Amino acid sequence: MNLAETGLLAAAGVAAGVVNAIAGGGSLISFPALLAVGYPAVSANVTNTVALWPGYIGGALGYREELSGQRARAITFSVTSVLGAVAGCLLLLITPEGVFHSLTPVLIAMASLLLAIQPWLKRRLSASERLTRRHHRTLLHAGLLFGGIYGAYFGAGLGVMLLGILSVFVHDRLQRVNAVRAVLSLVINTVAFVAFALFGPVRWYAVAVMAVASLVGGFAGARVARRLSPGILRGVIVTFGLGVALALALR
């Protein structure tokens with residue numbers, strides 16, 4: 001790999017870390033970069049997951065203040081997300097990638113629209129007498145389980161999906177909800193990191209370049225997101241999520 005290709009991977013790692021910290025979908029920057037330098041698709045996919053993992057650490061660390069008082073919530077949600085991530089890793093390792101990739105534009109668009117209508121939907125759910133507390137928890141954990149499966153299998157737009165689910169079912173400020181989203185993204189990608197590092201065709205030179213870059217980008221992205229108002233943050237994430245869905249649909 002020459003200097004230009006190394007620079008491309010480093011720049012893609014920083015950009016992906018920033019985008020993942022703010023909204024999710026950084027894989028749409030880093031994955032094409034890995035393809036551009038000549039890696040096969042499957043190898044690029046698992047290498048991308050391993051390489052971007054440090055960026056999720058940076059994103060979670062950037063939300064330290066917003067995570068205060070949310071330890072129990074984060075742990076409970078993480079357990080469900082881990083179960084989904086394990087299932088997602090198994091699916092990726094035993095089934096053709098194209099089967100699930102064809103569904104990703106629809107899934108990301110749905111998650112983005114869910115976030116867009118979140119204020120209205122939350123009011124309806126809160127006022128509904130038909131949705132008991134038990135049903136509320138069941139729907140929340142079902143969504144997190146699916147998010148874990150999707151995140152470990154492909155992952156583009158995972159942040160959008162998780163934030164859409166959490167913002168409907170968790171009654172808290174968007175910045176605090178986004179902080180939990182950052183933790184769950186880290187947890188899901190940690191499971192995928194371990195599975196693919198052990199069993200996937202990872203290209204470790206690319207990992208070495210992109211991992212450091214994504215860590216820097218993740219920390220910077222979290223600091224940017226913390227300074228956005230809830231309305232602006234929601235608008236940025238919805239817009240980016242729909243852009244991710246369109247980009248995948250046009251591939």
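In this predicted model, R73, D172 and R176 are joined in a network of salt bridges. Side chains of opposite charge can pair when their charged atoms come close. By the rule applied here, the count of salt bridges comes to two, and D172 takes part in one with R73 and in one with R176. The table gives the distance for each pair, taken between nitrogen and oxygen atoms.

| Salt bridge | N to O distance |
|---|---|
| D172 and R73 | 3.1 Å |
| D172 and R176 | 2.8 Å |

The pair formed by D172 and R73 links distant parts of the chain, since D172 sits in the loop between α9 and α10 while R73 belongs to helix α4, and 99 residues separate them. How buried or exposed are the members of this network? D172 has a relative accessibility of 24%, and because buried means under 20% and exposed means over 50%, D172 counts as partly exposed. R73, at 26% relative accessibility, is likewise counted as partly exposed, whereas R176 has a relative accessible area of 17% and is therefore buried.

On one side of the loop that holds D172 is helix α9, which covers residues 158-169. This helix has 12 residues and reaches 17 Å from its first C-alpha to its last, a span close to the 16 Å expected at 1.5 Å a residue. Why can α9 be described as largely enclosed by the rest of the structure? The reason is that 12 of its 12 residues are buried. Among them are the glycines G159 and G164, the serine S167, and residues such as L158, M161, I165 and F169.

Helix α10, made of residues 174-199, contains Q175. With a relative accessible area of 6%, Q175 falls under the 20% limit and so counts as buried. Q175 and R227 are 52 residues apart in sequence, yet their C-alpha atoms are 9.3 Å apart in space.

Helix α10 also includes V194, which at 42% relative accessibility is partly exposed. V194 helps to make a nonpolar surface patch of about 550 Å², together with L93, I94, L198 and F199. Two elements, α4 (71-94) and α10, give two or more residues each to this patch, and the largest share, three residues, comes from α10.

Turning from the surface to the interior, the largest nonpolar core has 55 residues, and the members that touch the most other members are L9, F77, L166 and F196. Of these, L166 is also one of the buried residues of α9. When residues up to four places away in sequence are left out, F196 touches V46, T49, V50, C89, L92, L93, A152 and V202. L93 appears in this list of contacts and is also one of the residues that make the nonpolar surface patch.

A further buried position is found in helix α3, which covers residues 41-61 and contains N48. Is N48 buried or exposed, given its relative accessibility of 2%? Since this value lies under 20%, N48 counts as buried. Again leaving out residues up to four places away in sequence, the contacts of N48 are S27, S30, F31 and L34.

How values were computed
Residues are numbered from 1 along each chain as its sequence is written. This is a predicted model: local features need pLDDT of at least 70, side-chain atom pairs count only at pLDDT 80 or more; totals for chains, interfaces and linings use all residues. Side-chain values use heavy atoms; hydrogens and water are left out. Helices (H or I, at least four residues) and strands (E, at least two) are DSSP runs, numbered from the N terminus. Buried means under 20% relative accessible area, exposed over 50%, partly exposed in between (1.4 Å probe, protein chains only). Patches are made of residues with over 30% relative accessible area and no salt bridge: like charges are joined within 9 Å, nonpolar side chains (Val, Leu, Ile, Met, Phe, Trp, Tyr) within 5 Å. Accessible areas come from the Shrake-Rupley method with a 1.4 Å probe; for residues, only the protein chains shown count as cover. A salt bridge is a side-chain nitrogen of Lys or Arg within 4 Å of a carboxyl oxygen of Asp or Glu. The expected span of a helix is 1.5 Å times one less than its number of residues. Contact means heavy atoms within 4.5 Å. A nonpolar core is a set of buried Ala, Val, Leu, Ile, Met, Phe, Trp, Tyr and Cys residues joined through side-chain atoms within 4.5 Å.
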